[in-house]
Amino acid sequence: MRLVVLGCAGSFPGPGSAASSYLVQAEDAAGRTWSALLDLGNGALGALQRWGDPAALDVVALSHLHADHVADMAVLGVYRRYRPGGALPPVAVHGPEGTRERLGHMSGDDLAADTGEQFDVRVWRAGEQVVVGPLTLEAVPVDHPVPAFGVRVTGPSESDPSRRVTLAYSGDTDASPGLDDLATGADLLLAEAAFVEGRDDHVRGIHLTGRRAGEAAARGGARSLVLTHVPAWNDPAVALAEAQAVYDGPVTLAAPGATYPL
C-alpha cells in the first residue's frame, strides 16, 4: 500500500499545491491495482490525472464537506459523465450526512444529475468497515465545526504483502479522542497542522497545530508522522519544529507528488 499526495494546501489552494487530496493504492494477489481517493479539494483533479485515469477510482472517501476537501468532486462528475468513451457507472462515495445534497449543489442545476449518475453516495457510520479489494477503510468521528471524520486505511505492505499496514488520515480536526483512536498503532499518521502554537490558541475545535499533531502521534505510538494542510500564510518549518519537539519518530512535511510506501 502506498500514499500519494495530490494536494496538501490548507483551507485553500496554495501557489504550489492544490487543496487536500490523497490517493491510496495497493495491489491484490492477482496484481490488480486498487485506488482509494481521500478527499478531492480545489484543483486536485488535475493532480490526480498525473497519477492515473480518474475513471479507475474504486472508492472516494470524503472526510467532511468543506470546499477545500470536496470542491473538485463537481468536475470529477463531469469527467466521468462526458468522457469520449462513454459515461462510467457510479463510483462509491462515502461521506458525512448531507454529502449527496452538497455534491448536487456544487454541480448546479444543469449537472445535478451527475450526483446520482456518477456517484453512489453512502453515509459514514462510525466503526463500520468498508472493504474495497485489498483495502479496508474505517471512518472515525473527529472534532471540527461540521460533521467530520478521519479515515483509517489498512492494506498490504508494499515491501511484504503478507503483512497488513495502516494509514491514518486526520481530515480536519482539533485534538480529540477520535484523533487518538486514529493514531493508535498507525504505521503513518497523515495529520493536518493548519494552526500555530501561540498565534491560534484562542481558536479551538477546528484545527491542529504541529505540536498537537505530534502529541497525538506520540500518544498513539504511530510509527511516522506526515504533516499536511498547512496554509500558504504559515511557515511549514514552524509546524515541523512543533511536532519534532514532542514526537520522537520520523516527521516530514507533505508535498505535492510525494509518495510514501507503507
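W124 is buried, and so is F149, in a model that is predicted. This report takes up the aromatic contacts first, then the empty spaces, two helices and several individual residues.

## Aromatic contacts

A pair of aromatic rings is described by the distance of the centres and the angle of the planes. A search of the whole structure finds three aromatic pairs, and two of them are described here. In one of these, the ring centres of Y22 and Y169 are 5.1 Å apart and the planes stand at 55°, so the pair is tilted. This contact joins distant parts of the chain, since Y22 belongs to strand β3 (residues 21-27) and Y169 to strand β11 (residues 164-169), with the two positions 147 residues apart in sequence. Y22 has 0% relative accessibility and therefore counts as buried, and Y169, at 2% relative accessibility, counts as buried too.

The rings of W124 and F149 have their centres 6.5 Å apart and their planes at 45°, so this pair is also tilted. W124 lies in the loop between β7 (119-123) and β8 (129-132), whereas F149 is in strand β10 (residues 149-156), so the pair ties together parts that are 25 residues apart in sequence.

A contact of another kind involves R32, whose charged end sits over the ring of W34 at 3.6 Å from the ring centre.

## Empty space: a pocket and a cavity

Rolling a probe the size of a water molecule over the atoms shows where empty space is left. The largest pocket holds about 260 Å³ of space. Of the 17 residues that line this pocket, C8, A9, V230, P236 and A254 are the closest to its centre. Two elements, β1 (2-9) and β13 (225-228), each give two or more residues to the lining of the largest pocket.

The structure also holds one cavity of 30 Å³ or more, and the space in the largest cavity comes to about 30 Å³. Its lining is formed by A193, F195, V196, V230, N234, D235, V238, A239 and E242. V230 is thus named among the residues closest to the centre of the largest pocket and also in the lining of the largest cavity.

What classes of residue make up the lining of the largest pocket, and what classes make up the lining of the largest cavity? The table sets out the composition of each.

| Space | Volume | Nonpolar | Polar | Charged |
|---|---|---|---|---|
| Largest pocket | about 260 Å³ | eleven residues | six residues | no residues |
| Largest cavity | about 30 Å³ | six residues | one residue | two residues |

The lining of the largest pocket has no charged residues, while two charged residues are counted in the lining of the largest cavity.

## Helices α3 and α4

In helix α3 (residues 73-82), the buried residues are M73, A74, L76, G77 and R80. They cover an arc of only 160° around the axis, which puts them on the same side of α3.

Helix α4 (residues 99-107) has T99, L103, G104 and S107 as its buried residues. When α4 is seen down its axis, these buried residues fall within an arc of 130°, so they line one face of the helix. After α4 comes G108, which has a positive phi, near 85°.

## Positive phi outside glycine

Two residues other than glycine also have a positive phi: for S11 the value is near 75°, and for H229 it is about 60°. S11 lies in the loop between β1 and β2 (18-19), and S11 is partly exposed, with a relative accessible area of 35%. H229, for its part, is placed in the loop between β13 and α8 (236-244), and with a relative accessible area of 1% H229 is buried.

## F12 and L262

F12, like S11, is found in the loop between β1 and β2, and at 27% relative accessibility F12 counts as partly exposed. F12 and G210 are 198 residues apart in sequence, and their C-alpha atoms are 18 Å apart in space.

Is L262, which is found in the segment after β15 (259-261), buried or exposed? At 13% relative accessibility, L262 counts as buried, because the cut-off for a buried residue is under 20% relative accessible area. The C-alpha atoms of L262 and D187 are separated by 7.1 Å, although the two residues are 75 residues apart along the chain.

Conventions
Residues are numbered from 1 along each chain as its sequence is written. This is a predicted model: local features need pLDDT of at least 70, side-chain atom pairs count only at pLDDT 80 or more; totals for chains, interfaces and linings use all residues. Side-chain values use heavy atoms; hydrogens and water are left out. Buried means under 20% relative accessible area, exposed over 50%, partly exposed in between (1.4 Å probe, protein chains only). Helices (H or I, at least four residues) and strands (E, at least two) are DSSP runs, numbered from the N terminus. The arc is that of the directions from the helix axis to the C-beta atoms. Rings of Phe, Tyr and Trp (its six-membered ring) pair if their centres lie within 6.5 Å; planes under 30 degrees apart count as stacked, over 60 as edge-to-face and the rest as tilted. A charge sits over a ring if NZ of Lys or CZ of Arg is within 6 Å of the ring centre and within 35 degrees of the ring normal. On a 1 Å grid over the protein atoms alone, a cavity is a set of points where a 1.4 Å probe fits but cannot get out, and a pocket is an open set with protein on both sides within 12 Å along at least five of seven lines; lining residues have an atom within 4 Å of a point. Grid points are joined across faces, edges and corners, and a volume is the space filled by probe spheres set on the points. Ala, Val, Leu, Ile, Met, Phe, Trp, Tyr, Cys and Pro count as nonpolar, Asp, Glu, Lys and Arg as charged, and the others, Gly among them, as polar.
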